[in-house]
Structures are given as structure tokens and as C-alpha cells.
Amino acid sequence: ARKGQEALAVGASGADFIVAQGFEAGGHRGIFDCAAEDEALPVLELVSRLRDTVSIPVVAAGGIMDGAGIASALRAGAVAAQLGTAFLTCTESGTSKLYREYLIGPDIATRGTAFTRG
């Protein structure tokens with residue numbers, strides 16, 4: 001879920017937990033309504049908002065790459081953190097060495113995120 005209305009729908013469906021997908025989420029984000037406005041909330045702010053909106057546990061997803069990110073998600077109110085891109089840096093993922101180095105390069109904090117639409 002990327003906003004309260006989506007989280008409420010997930011909760012009403014009988015789900016056991018909600019994945020809060022911050023705008024930092026790589027790949028694609030689950031979207032309920034493509035025409036609806038996307039507030040593009042950072043994952044920690046989204047977790048905080050959703051935990052106050054729903055009664056089921058919230059899992060943080062988006063831009064979490066290490067233990068410090070997991071700790072921040074837990075402090076924000078998440079019960080767990082979902083990591084995706086972080087695992088692309090593992091040799092077992094099959095990614096090239098060049099790509100793994102890019103993902104954890106020294107400019108990671110300042111390089112920004114590129115979005116493509118097609």
C-alpha cells in the first residue's frame with residue numbers, strides 16, 4: 001500500500017499484514033488505481049501514517065539496504081522490513097560485478113532515482 005486508503009482496503013480483504021511501499025521501492029510498486037494521485041511518501045513516513053490508520057501489522061518496503069535501514073523501519077513502527085534491491089548485491093543473485101558495485105557505490109546517497117515510463 002502506498003497510502004491510507006489502499007491500506008484500509010488491504011486490511012478489509014482479510015490480509016494478515018500490509019506492506020508499506022515507499023516511493024524508494026525499486027522495480028515496480030503495487031498500485032491499486034493508476035489514475036489516483038500518488039503522494040510519493042518516503043517509506044518511514046508512510047509506515048508511521050499507516051500504523052496509525054490500520055490495526056494489522058505494517059511491513060516497510062522501499063530503499064532499505066542494510067541493518068540501519070531495518071532499525072529505522074522498526075523505530076517508525078514497522079514489524080518487519082522487506083528488502084529487494086539489497087539482495088541484488090549478493091553474488092548468488094546472478095547480477096554482474098559492475099552492477100553490484102553500482103548499487104552500493106559511494107554516490108548512492110546523492111545520485112537520486114530515475115523513473116521511466118513506457
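At 34% relative accessibility, E45 counts as partly exposed, the class lying between buried (under 20% relative accessible area) and exposed (over 50%), as evaluated with a 1.4 Å probe on protein chains only. The side chain of E45 meets that of R49 in a salt bridge with an N to O distance of 2.9 Å, where a salt bridge denotes a side-chain nitrogen of Lys or Arg within 4 Å of a carboxyl oxygen of Asp or Glu. R49 is likewise partly exposed, at 38% relative accessibility. The two residues are 4 residues apart in helix α2 and are therefore separated by about one helical turn.

The model is predicted; local features require pLDDT of at least 70 and side-chain atom pairs pLDDT 80 or more, whereas totals for chains, interfaces and linings use all residues. Residues are numbered from 1 along each chain as its sequence is written, and side-chain values use heavy atoms, with hydrogens and water left out.

The protein contains 4 helices and 3 strands, assigned as DSSP runs numbered from the N terminus (helices: H or I, at least four residues; strands: E, at least two). Along the sequence, these elements follow the pattern α-β-α-β-α-β-α. Of the 118 residues, 28% count as buried. About 7,500 Å² is exposed, of which carbon and sulfur atoms supply 57%; accessible areas were obtained by the Shrake-Rupley method with a 1.4 Å probe, and for residues only the protein chains shown count as cover. Among contacts (heavy atoms within 4.5 Å) with a separation of 6 or more, 46% involve residues 24 or more positions apart.

The structure holds 6 salt bridges. One of these joins R2 and D38, whose closest N and O atoms are 3.4 Å apart. R2 lies in the segment before α1 and D38 in the loop between β1 (18-21) and α2 (43-51), so this pair ties together parts that are 36 residues apart in sequence. R2 is buried, with a relative accessible area of 3%, whereas D38 is partly exposed at 31%. R2, E6 and D38 are linked in a network of salt bridges. Apart from neighbours within four places in sequence, the contacts of R2 include Q21, R29, G30, I31 and L46.

A further salt bridge, at 3.5 Å from N to O, connects the side chains of E101 and K97. These residues are 4 residues apart in helix α4 and thus separated by about one helical turn. E101 is partly exposed, with a relative accessible area of 41%, while K97 is exposed at 56%.

Helix α4 (residues 97-103) also contains R100. R100 is buried yet has no salt bridge, and the nearest side chain of opposite charge, that of E101, is 7.1 Å away; in this assignment Lys and Arg count as positive and Asp and Glu as negative, while His and the chain ends are not counted. The side chain of R100 instead reaches the backbone oxygen of T95 at 2.4 Å. Leaving out residues up to four places away in sequence, R100 touches L88, T89, C90, T91 and T95.

Conventions: Polar contact = N/O pair within 3.5 Å; in protein donor to acceptor, adjacent residues only side chain to side chain.
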